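Reader: I'd like a close look at one part of this model, taken slowly and in plain words. Could you walk me through it?

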Amino acid sequence: MKGNIITRTVFFRLVLLATGLLIVSKSASGGGLKFFKSSDPHFQYTGRIDFSNLQLPRFWAPAVYVKIGFTGANCEIVVNDEVLYGKSHNYISVVIDDMPAKRIKLTGKVNRIKVAENLGGKHHTMLLCKSTESNIGYIEFAGIYCGGLWHLPKEPSRKIEFIGNSITCGTGSDTSGYKCGNGEWYDQHNAYMSYGPVTARALDARWQLTAFSGIGLMKSCCEIKVVMPDIFDKINLLDNKLVWDFKKFQPDVVTVCLGQNDGVQDSAVFCSEYLKFIHRLRAYYPSSTIICLSSPMADTQLFEVQKEYLLSISAAASRQGDRAVYSYFFSKRYHNGCGDHPSLSEHQQIAEELALFIKKVKHWE
């Protein structure tokens with residue numbers, strides 16, 4: 001019986017090698033680790049990424065991610081951090097196989113991080129996700145040390161884009177490392193576990209977050225001089241320069257969660273500006289379902305106002321012939337994280353609500 005198991009393992013390995021699904025270097029086969037550059041075609045990237053340097057793809061946006069199939073018991077990754085302003089340090093989230101995500105704070109410009117050790121079995125998967133947002137600076141994924149690489153299954157066909165502010169970024173949600181009021185303001189960020197990626201994973205969909213803390217539709221907070229319509233078409237939402245190619249990610253669903261930072265506005269003006277933004281989205285995404293969301297952390301007054309706004313906006317879009325624009329209002333206020341933001345457990349609840357609504361609208365099983 002033991003001999004049969006060994007034979008099957010060897011046979012499977014030979015099949016992978018013959019079909020090109022497995023790459024093993026001489027150093028790896030001798031028990032060492034081989035370095036695979038970020039340009040390797042086995043890697044699957046999702047999100048707004050600057051590939052001008054294929055050896056060091058840059059991620060600014062929250063929840064940009066790369067998926068990797070690797071072999072061997074041990075694995076290390078190399079990630080560069082911009083260290084914006086000389087002091088800001090990004091967080092990443094790393095998921096190995098089906099184990100819980102590890103949230104890791106980068107500590108230097110170049111970071112070689114051991115993310116797996118003494119794993120059982122031969123073939124493993126890894127997901128590396130940027131868990132902080134554009135205004136913490138970029139990260140660069142340089143590559144991975146492991147035994148070899150194998151081709152992952154084809155990525156899910158479903159795609160969802162989540163447009164929003166700090167709530168969508170996952171700001172103030174994760175107090176596992178620093179309690180509220182301690183550390184830097186971004187130390188409680190966790191974009192990987194924010195409601196967007198959680199919703200997408202529940203629906204077997206790829207995700208993209210187009211979100212920036214403090215941003216509004218027509219009025220931003222915190223001395224931010226731009227609004228979402230100004231920066232929506234960029235790769236780096238912070239400097240508002242690198243233009244994004246929308247053909248690279250055509251979502252089935254786009255959710256828009258804006259208005260928390262705008263507050264109560266003149267209804268006619270706000271609804272007009274919102275409709276303009278929807279028209280712009282429709283120009284980029286002719287086949288997408290657009291869902292306008294109430295703010296999960298809105299107080300009673302703002303919630304009631306937003307409900308009036310969004311019902312009016314979706315009705316106006318329908319009258320104009322766009323019947324793929326919907327409104328959704330969350331069942332309660334979620335604000336038990338830092339600074340009245342949703343906590344990690346509340347992001348899970350938000351995602352459960354939203355996933356059910358998307359399933360209904362899209363008739364997804």
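Which residues in α4 meet which residues in α8?

Author: Keep in mind that this is a predicted model. On the α4 side, the residues in contact are Tyr 195, Val 198 and Thr 199. Across from them, α8 brings His 347, Gln 348, Ile 350, Ala 351, Leu 354, Ala 355 and Ile 358. Sorted by class, the residues of this contact come out as seven nonpolar and three polar, with no charged ones.

Now for how the two helices sit. Helix α4 covers residues 195-202 and helix α8 covers residues 344-362; they pack with their axes 8 Å apart, at an angle of about 50°. That angle falls outside the ranges for parallel, antiparallel and perpendicular, so α4 counts as oblique to α8. The crossing of α4 past α8 is right-handed.

Helix α4 also turns up somewhere else, in the wall of the largest pocket. That pocket holds about 430 Å³ of space. Its lining takes in 23 residues, and the closest to the centre are Lys 67, Leu 127, Pro 156, Arg 201 and Trp 207. Two or more lining residues come from each of β6 (65-71), β11 (123-130), α4 and β15 (205-211). As for chemistry, the pocket lining has 13 nonpolar, two polar and eight charged residues, while the contact of α4 with α8 has no charged residues.

If you want another helix pair to set beside this one, try α6 (residues 267-284) and α7 (residues 300-319). Their axes come within 10 Å and cross at roughly 50°, and α6 and α7 are therefore oblique to each other. Their crossing is right-handed. From α6, the contact uses Ser 267, Phe 270, Cys 271, Tyr 274, Leu 275 and Ile 278. From α7, the partners are Tyr 309, Leu 310, Ser 312, Ile 313, Ala 316 and Ala 317. By class, that contact has 10 nonpolar residues, two polar and no charged.

Terms used:
Residues numbered from 1 in each chain as written. Predicted model: local features only at pLDDT ≥ 70, side-chain atom pairs only at ≥ 80, totals over all residues. Heavy atoms only, no water. Axes fitted to C-alpha atoms, helices over the stretch in contact; angles between N-to-C directions. Helix = DSSP H or I, 4+ residues; strand = E, 2+ residues; numbered from the N terminus. Parallel < 35°, antiparallel > 145°, perpendicular 65-115°, else oblique. Left-handed = near helix turned anticlockwise from the far one by under 90°. Contact = heavy atoms within 4.5 Å. Nonpolar A, V, L, I, M, F, W, Y, C, P; charged D, E, K, R; others polar. 1 Å grid on protein atoms, 1.4 Å probe; cavity = no way out; pocket = protein on both sides within 12 Å on 5 of 7 lines; lining within 4 Å. Points joined across faces, edges and corners; volume = space filled by probe spheres on them.
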